[in-house]
Amino acid sequence: MNGLLRVEEAQARLLALRSPLPPENIAFLQSLGRYLSQDVVAQRDQPAAPLSAMDGYAIRFDDLPGPWRIGGEVAAGAVPSAPLAPGEAVRIFTGALLPDGADTVLIQENTAAEGASLALTGDAPAARGANIRDRASDFAASDRLLAAGTRLTPGAIATAIMGGAAQLAVGGRPRVAVMTTGDELVQPGRALAPGQIPDSNGPMLAALLAGEPAEVGLPLHMRDDRAMISSILKDLARRHDVIVTVGGASVGDHDHVRGALEDAGGHVDFWKVAMKPGKPLIAGMIGDALLLGLPGNPSSAFVTAILFLLPLVRHLAGARDPLPAIRRAPLAAPLAAGGSRRDYLRARVDDGCLAPFGEQDSGRTVPLAEAKALLLRETGAPAKAAGDLADYIDIA
Ligand SMILES: Nc1nc2c(c(=O)[nH]1)N[C@H]1C(S)=C(S)[C@@H](COP(=O)(O)OP(=O)(O)OC[C@H]3O[C@@H](n4cnc5c(N)ncnc54)[C@H](O)[C@@H]3O)O[C@H]1N2
Ligand code: MOO
């Protein structure tokens, strides 16, 4: 197909260029966003014994509707001193161990205590076991709680800790250098001479990477000078796992990234992918470092970062599923037929329906601020009607 690599093939080739980084053990408070390098297996039952789920009184269900004689108290962290006798209620609190013989908890709002006597004043519990968390009802020892390659979310961290882990084994954090190229680029906020524009792609890529388990340097900027780019690539390759360049990826006389990579002793693995935007994407190696050369147009840089840069970083960091998830939703309006490359149309999501912007020029930045989805349109796809389902990537 027109000599361009399919997106899936390009993604597979890119990830195959380097294996994930070696794992390391880290403390829980450093683990957010990292990828587990081993399954987390429960070392204990949770709860380890039946617990009260409410503040109230532990009783025998068969003693309903009461009244009861109050015989002592169990707080969370304490061990009941004796089994529950028939006709007896024990004051109990949320998270406290149930005394032997108790099988139901009355919530205190439904009771009245007077001295050592307890009466039911509200609704009786519907069934034996009410307001009790059974042993191992959360998980049992040897359950697999989290699979290797899972991204550690706050909830996953809590689960690993409750399972008895003391620390976590996770994939390493790739060191990433971001380099923009172009004589026209000026640092954000600086005065512009005729022909110049602010360098928005560097900070945009740094922001995209900010949520990833990566060590990302401040974006560097290089002029369109092949020798200079080559020399900096050589230097960056010694200290980084990934070098991501942006701009200078196409065929113009001032597009130097491929040439500079080769001058620096590296090689191009592939160049040009059947996608729009993003066609002139470059992937290669220099020493042990991967080079990903993103096209300079703002939308092209953004879309290729979502489809290639983030998956690459996640792969190196040990992710099981590093590629963006493809979802499906109805179209808000008709969609014209596809062309010779797969489109990733910047789109809004209105009431759950995909609404691609009419203007898809890859040089525009405003749609990047407004887009919530990248709508996929296959090469040569027939036109679709409003309401037809379409694939998309969530970028909200
Ligand atoms: N004759 C052809 N010309 C072009 C082709 C082609 O196949 N034949 N491909 C076009 C496509 S598609 C793309 S995408 C662009 C990509 O080109 P480059 O990667 O070489 O990017 P530049 O030329 O350096 O820049 C393109 C555009 O983006 C602006 N830019 C670049 N860097 C930044 C930045 N850091 N922040 C903000 N804006 C940036 C730059 O000023 C240009 O306007 O090539 C087409 N041409
Ligand atoms: O492949 Mo380019 O990114 O369409 O402008």
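In this predicted model, proline 277 lies in the loop that runs between strand E20 (275-276) and strand E21 (282-286). The peptide bond that links lysine 276 to proline 277 is cis, and its omega is about 0°. Both lysine 276 and proline 277 belong to the set of residues around ligand 2.

The surroundings of ligand 2 further comprise Gly278, Lys279, Pro280, Asn297, Ser300, Arg341 and Ser362. Sorted by class, this shell contains 2 nonpolar, 4 polar and 3 charged residues. Glycine 278 contributes a backbone N or O atom that lies 2.5 Å from an oxygen atom of ligand 2. Arginine 341 takes part through its side chain, where an N or O atom is 3.0 Å from a ligand 2 oxygen atom. Serine 362 likewise offers a polar side-chain atom, at 2.4 Å from an oxygen atom of the ligand.

Ligand 1 occupies the largest pocket. There are 20 residues around it, and those that come nearest are Glu184, Asp199, Ala249, Ser250 and Gly296. The shell of ligand 1 consists of 7 nonpolar, 9 polar and 4 charged residues. Lysine 279, listed above among the neighbours of ligand 2, also places a polar side-chain atom 3.0 Å from an oxygen atom of ligand 1. Asparagine 297 is another residue of the ligand 2 surroundings, and a polar backbone atom of asparagine 297 is 3.3 Å from an oxygen atom of ligand 1. On its own, ligand 1 has 870 Å² of accessible area, of which the protein covers 70%.

The polar contacts described for the two ligands, with that of glycine 296, are set out below.

| Residue | Part of residue | Partner | Distance |
|---|---|---|---|
| Lysine 279 | side chain | ligand 1 oxygen | 3.0 Å |
| Glycine 296 | backbone | ligand 1 oxygen | 2.9 Å |
| Asparagine 297 | backbone | ligand 1 oxygen | 3.3 Å |
| Glycine 278 | backbone | ligand 2 oxygen | 2.5 Å |
| Arginine 341 | side chain | ligand 2 oxygen | 3.0 Å |
| Serine 362 | side chain | ligand 2 oxygen | 2.4 Å |

An unreviewed UniProt entry assigns the feature "domain: MoaB/Mog" to residues 177-315. In the model this span is 35% helix and 27% strand, and its end C-alpha atoms lie 17 Å apart.

Two further loops have notable backbone geometry. A cis peptide bond runs from glycine 66 to proline 67, with omega near -5°; proline 67 is in the loop between strand E4 (56-59) and strand E5 (68-74). Alanine 136, although not a glycine, has a positive phi of about 60°. The loop that holds alanine 136 lies between strand E10 (132-133) and strand E11 (144-146).

Note on methods. Residues numbered from 1 in each chain as written. Chains lettered and ligands numbered in written order. Predicted model: local features only at pLDDT ≥ 70, side-chain atom pairs only at ≥ 80, totals over all residues. Heavy atoms only, no water. Near = heavy atom within 4 Å. Polar contact = N/O pair within 3.5 Å; in protein donor to acceptor, adjacent residues only side chain to side chain. Areas by Shrake-Rupley, 256 points an atom, 1.4 Å probe, with all protein chains shown as cover. 1 Å grid on protein atoms, 1.4 Å probe; cavity = no way out; pocket = protein on both sides within 12 Å on 5 of 7 lines; lining within 4 Å. Sits in = over half its atoms within 2 Å of the grid points. Nonpolar A, V, L, I, M, F, W, Y, C, P; charged D, E, K, R; others polar. UniProt positions renumbered as here; feature names shortened; annotations may be inferred. Helix = DSSP H or I, 4+ residues; strand = E, 2+ residues; numbered from the N terminus.
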